[in-house]
Amino acid sequence: MPLGQHERSVFEEQSTPLYEEIVTSGGLSATDKRIVKGGELHEAFTILTEVGLVVKSEDGTQWRAVDPAAVQAQVVAPLGQQGAELIAESAHWAQAFGTLSHAWRRSPSAVGGPFAEIRGEATIRNFLDSLVNDAEEELLTAQPQDRRGVKQLGEVTAREIATLKRGVRMRTLYQHAARRGTDTRRYVAAVTAAGAEVRTLDEFFNRLIVVDRRVAIIPSHQSLAVAMVISEPSMVLYLVDMFERHWERARPFTSSETSLMRDIAAEQRAMTIRMLLEGRADPAGAKRLGVSPRTYAGYVADLKNEFEVETRFQLGYEMGKRGISGRETDETGAAT
């Protein structure tokens, strides 16, 4: 079916409300009299099927909604390529799909209930882009072991600055090790200048993104190429509470005061001691601190020099003899 001005008009006036009805109710009966030939919504429904916004269930009894982001490009991109005379029409379609996407992301049933899985790095990136673009109030992110490349950081910077300019509040957590990265420092300088807040923490934590305290994204246990989308209110608020607790303990990224940098160095030293006393292998200890194995080995070497020993066994013995646990900073903080 060719998609022109008439089809777009029907799409906006009839197909969109019908799609929202399908999203809200979780499906539409295949025998619904409104969509069969001669029915009042037959043309509107035909457009939805033609562009791939609805598909039949496995048993063939119902029509289910499809994520608009997955099919939007198939409609919008070709329209834009048809020439200058279709550019305005393409923009209208993009706006219409934007309305549907908003409805999709706000309906837990549309993504498979309060917990849904997204597979593939490109799919996850596209979902996050659309989700962040829809943010209205707040964006919380926790980024452990930052390894994003220059190109990816540039794309994220542009997206998040645009979000901040819309008045969305943004707070981001990194590990202390992120302060060493030149690209990360540039990113932080750019987003903080636009109003974001960035802090760092000594301990390891999992990746987390929360939009408007409504939807949370976390990595799956399978791999970073699989993400879990959580829209169950109690779970989202629980994750927000965890973020807030980490945030209260974290240190401002932008500050370079001598006392602060000394505290950060002490926290990394204490974390290294805990990793050693817990018997963690170097790769595991490095991961917990968010540093490379080589940097972690340097931390251990510094401790050997500090305690004037040559082996890790001697280091563990000396720390045990002196009652060193790696938690002295926490205990001092609690006492004060």
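## Close-up views of a predicted model

**Figure 1. Glu308 sits out in the open.** With a relative accessibility of 72%, Glu308 counts as exposed, since anything over 50% earns that label. Keep in mind that the model in all these views is predicted. To find Glu308, look in the loop that runs between helix 11 and helix 12 (312–321). Its backbone has a quirk to look out for: phi is near 55 degrees, which is a positive value in a residue that isn't glycine.

**Figure 2. Asp212 is another residue with a positive phi.** Here phi is also near 55 degrees, and once again the residue is something other than glycine. This one belongs to the loop between strand 8 and strand 9. Is Asp212 buried or exposed? Its relative accessibility is 14%, so Asp212 counts as buried, the cut-off for that being under 20%.

**Figure 3. Zooming out, here is the whole chain.** Count along it and you get 13 helices and 11 strands. Of its 336 residues, 43% count as buried. Now take the contacts in the chain with a separation of 6 or more: 70% of them are between residues 24 or more positions apart.

**Figure 4. Helix 1 and helix 2 cross each other.** Two packed helices are described by the angle between their axes and by the distance between those axes. For helix 1 and helix 2, the axes come within 8 Å and the crossing angle is roughly 90 degrees. That makes the two helices roughly perpendicular, a label that covers angles from 65 to 115 degrees. Who meets whom? On the helix 1 side, the residues include Val10, Phe11, Leu18 and Tyr19, and the helix 2 side includes Phe45, Ile47 and Leu48. Sorted by class, the contact between helix 1 and helix 2 has 8 nonpolar, 3 polar and 2 charged residues.

**Figure 5. Three strands make an open sheet, and two helices lie across it.** The strands are arranged in the order 1-3-2, with antiparallel pairing. Strand 1 (28–29) and strand 2 (54–56) are the edge strands: each has a single partner, so one side of each has no neighbour in the sheet. Strand 1 is joined to strand 3 (residues 62–65) by 2 bridges, and Ser29 has Gln62 in strand 3 as its bridge partner. Helix 1 (residues 5–25) lies across strand 1, strand 2 and strand 3, at about 100 degrees to strand 3. Helix 2 (residues 42–51) lies across these three strands too, running at about 85 degrees to strand 2.

**Figure 6. Strand 10 has partners called strand 4 and strand 9.** Strand 4 pairs with strand 10 in the antiparallel sense, over 5 bridges. Follow the pairing along and you'll spot Phe115 with its bridge partner Ile230, and Ile118 standing opposite Ala227. Strand 9 pairs with strand 10 in the antiparallel sense as well, over 4 bridges, with Ile217 and Val229 as bridge partners. A hairpin with 6 residues links strand 9 to strand 10. How many residues of strand 10 are buried? The count is 4 of 5, so strand 10 is largely enclosed by the rest of the structure. Strand 4, meanwhile, has two faces: Ala116 and Ile118 are on the covered one, while Phe115, Glu117 and Arg119 are on the uncovered one.

**Figure 7. Here is the largest nonpolar core.** In soluble globular proteins, nonpolar side chains tend to be buried together. This core has 27 residues, and those touching the most other members are Leu139, Met170, Tyr174, Tyr187, Val191, Ile217 and Val229. Among the elements giving two or more residues are helix 6 (150–165), strand 6 (169–175), helix 7 (182–193) and strand 9 (215–219). Which element gives the most? That's helix 5, with 5 residues. For a closer look at Leu139, its contacts beyond four places in sequence include Val132, Val168, Met170 and Ile209. There's a second, separate core too, with 25 residues that include Ile35, Val54, Val76 and Phe97.

**Figure 8. Helix 10 meets helix 11.** The axes of helix 10 (residues 282–289) and helix 11 (residues 293–307) come within 9 Å, crossing at roughly 95 degrees. These helices are therefore roughly perpendicular to each other. Asp282, Gly285, Ala286 and Leu289 are the helix 10 residues here, and they meet Pro293, Tyr296 and Tyr299 of helix 11. By class, this contact has 5 nonpolar residues, 1 polar and 1 charged.

Conventions:
Residues are numbered from 1 along each chain as its sequence is written. This is a predicted model: local features need pLDDT of at least 70, side-chain atom pairs count only at pLDDT 80 or more; totals for chains, interfaces and linings use all residues. Side-chain values use heavy atoms; hydrogens and water are left out. Axes are lines fitted to C-alpha atoms, for helices over the stretch in contact, and angles run from 0 to 180 degrees between N-to-C directions. Angles under 35 degrees count as roughly parallel, over 145 as roughly antiparallel, 65 to 115 as roughly perpendicular and the rest as oblique. Contact means heavy atoms within 4.5 Å. Ala, Val, Leu, Ile, Met, Phe, Trp, Tyr, Cys and Pro count as nonpolar, Asp, Glu, Lys and Arg as charged, and the others, Gly among them, as polar. A nonpolar core is a set of buried Ala, Val, Leu, Ile, Met, Phe, Trp, Tyr and Cys residues joined through side-chain atoms within 4.5 Å. Buried means under 20% relative accessible area, exposed over 50%, partly exposed in between (1.4 Å probe, protein chains only). Two strands pair if DSSP finds at least two bridges between them.
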